[in-house]
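Let's take a friendly walk through this structure together. Keep the sequence and the 3D view open as you read.

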Amino acid sequence: MKRRVVIMGAGGRDFHNFNAVYRNDSETEIVAITATQIPYISGRTYPPSLAGPNYPEGIPIIEEEDLPELLDKEQIDEVVFAYSDVSNQTIMTKAHQILAMGPDFKLMGPKATMLPSTKPVIAVVAVRTGCGKSPVSRQVTAHLKSRGVRTVAIRHPMPYGDLEKQGVQRFATLDDLVKHACTIEEMEEYEPHIENGTIVMAGVDYGLILKAAEKEADVVLWDGGNNDLSFYKPDLTICVVDPLRPGHETAYYPGHTNFILADVIVINKVDAACLENVQALHAAIQKWNPTATVVEMASPLTVEDPKMITGKRVLCVEDGPTLTHGEMKIGAGVVAAMKFGAAEIVDPRPYLVGELQKTFDKYPGIGCLLPAMGYGEGQVKDLETTINAVDCDVVLAATPVDIRRILKINKPALRVRYEAQSIGQPDLAGILDEFLSKAGVR
């Protein structure tokens, strides 16, 4: 009898675990994959072309809330938890609920799921969504480029569209974002790399993606998302932590694992954090990973015309996942509003429509910020309608993608950007140069 397994996922790690471990396992049957966190990803099928010959009809993808009914009806032996950025309490609560229904509950580790590469791999990961990992990734690629090293950034999956078409994706120009019908969430991660001249690859089958990247790269950069573990076996792991959320580095899964595994720990946003929080992170590092090299970095802001903020009533549009399951209460837009003397941060909640209202119902702790949700055309339209309805003087577009290129905004909008910058020694540049030397990359 085959071991009957359900994978709990969110459209990323779940697919990778299946591809890496179960696709060719004749002794296991994946009965279903569940979906949560991300809208519009349930009710689909993991297609036969990706699932392989053992699954001629593919694998159904169901809502996580339907899992108890599935466990009740089917003879399920094991449930594999395969998504990230959840609290330790949340994951153990789910484990208890599943164990009470009979099946085993499993977490899969690096030995089973990290694929080896023929090229040196640098993994940039984080302990939480919203730590500022993406700017750190861009600092890494920029430095490697300055040394003449060809780098391909492989981004954590965001397969929100047609899975068959998203098996292996390559992004070298902004036109590729249109070609692949990217969501705002995807563009937020791909566009800054493209603007910096870095090729990005992503998709669903990360074995094939790695093979494609190795043909173009001297060094592969794993640009992790959602504080997940790297899909590839890294030669250097850089983990970003957030002094605005001290304690989260040990309280979330699998961010705490990243924290322990890291060769380098970047304490980001030190320019915006109090000294006490930075010291608390140093103490946590000494306890959990005392051999890691610690780099402190700032995230300085740039705004196109700061004078337009002074004395004005502003709407802060921030990165969506950072405010939702990332649980951040302050973003770059808020920092810019405070720094440049805004008269008021306008609350968007009275103006919410459609899917955005549902987002706030699910994540009531967002507060007076507006997450740039854009997982589909409906959400993009609701975002545009809400922004245009808000009674404010200026919109602060503090997302990695320039939403003014996507939305028709009926009031002045300023782009707020931030990049990572090393402070003192050791610095990221020196660490990367030492890595290149040891790896024999010229």
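Two strands pair if DSSP finds at least two bridges between them, while strands (E, at least two residues) and helices (H or I, at least four) are DSSP runs numbered from the N terminus. This is a predicted model, in which local features need pLDDT of at least 70 and side-chain atom pairs count only at pLDDT 80 or more, while totals for chains, interfaces and linings use all residues. Residues are numbered from 1 along each chain as its sequence is written, and side-chain values use heavy atoms, with hydrogens and water left out.

With pairing defined, β18 (residues 313–318) is a good place to begin. This strand pairs in the parallel sense with β20 (residues 370–371) over two bridges, and Val317 has Leu370 of β20 as its bridge partner. Two bridges also link β18 in parallel to β19 (residues 344–345), where Ile345 is the partner of Val314. With β21 (residues 394–398), β18 runs parallel and is joined by five bridges; here Val314 stands opposite Val394. Five of the six residues of β18 are buried, so the strand is largely enclosed by the rest of the structure. Buried means under 20% relative accessible area, exposed over 50%, and partly exposed in between (1.4 Å probe, protein chains only).

Now move to the N-terminal strands. An open sheet of six strands follows the order β3-β4-β2-β1-β5-β7, with mixed pairing. Its edges are β3 (45–46) and β7 (104–107), each with a single partner strand, so one side of each has no neighbour in the sheet. Seven bridges hold β1 (residues 3–9) and β2 (residues 28–35) in a parallel pair, with Val5 bridged to Ile30 in β2.

What about helix α1 (residues 13–22)? Eight of its ten residues are buried, so the helix is largely enclosed by the rest of the structure. Among those buried residues are Arg13, Asn17 and Tyr22.

Arg13 and Asn17 also help to line the largest cavity, together with Phe81, Ala82, Tyr83, Met108, Asp228, Leu229, Tyr253 and Pro254. On a 1 Å grid over the protein atoms alone, a cavity is a set of points where a 1.4 Å probe fits but cannot get out, and lining residues have an atom within 4 Å of a point. A search of the whole structure finds one cavity of 30 Å³ or more, and the largest holds about 60 Å³ of space. Its lining divides into seven nonpolar, one polar and two charged residues.

Next comes the packing of the interior. A nonpolar core is a set of buried Ala, Val, Leu, Ile, Met, Phe, Trp, Tyr and Cys residues joined through side-chain atoms within 4.5 Å. The largest such core has 128 residues, of which Tyr46, Ile122, Ile154, Tyr232, Ile238 and Leu396 touch the most other members. Strand β8 (residues 121–126) gives this core its largest share, six residues. Apart from this core lies another, of 19 residues, including Ala32, Tyr83, Val86 and Ile98.

Finally, find Gly167 in the loop between β9 (151–155) and β10 (168–171). Gly167 is buried, with a relative accessible area of 8%. Leaving aside residues up to four places away in sequence, Gly167 touches Leu50, Ala202, Gly203, Val204, Asp205 and Ile209, where contact means heavy atoms within 4.5 Å. Gly167 and Asp14 are 153 residues apart in sequence and 14 Å apart in space, C-alpha to C-alpha.

Methods
On a 1 Å grid over the protein atoms alone, a cavity is a set of points where a 1.4 Å probe fits but cannot get out, and a pocket is an open set with protein on both sides within 12 Å along at least five of seven lines; lining residues have an atom within 4 Å of a point. Grid points are joined across faces, edges and corners, and a volume is the space filled by probe spheres set on the points. Ala, Val, Leu, Ile, Met, Phe, Trp, Tyr, Cys and Pro count as nonpolar, Asp, Glu, Lys and Arg as charged, and the others, Gly among them, as polar.
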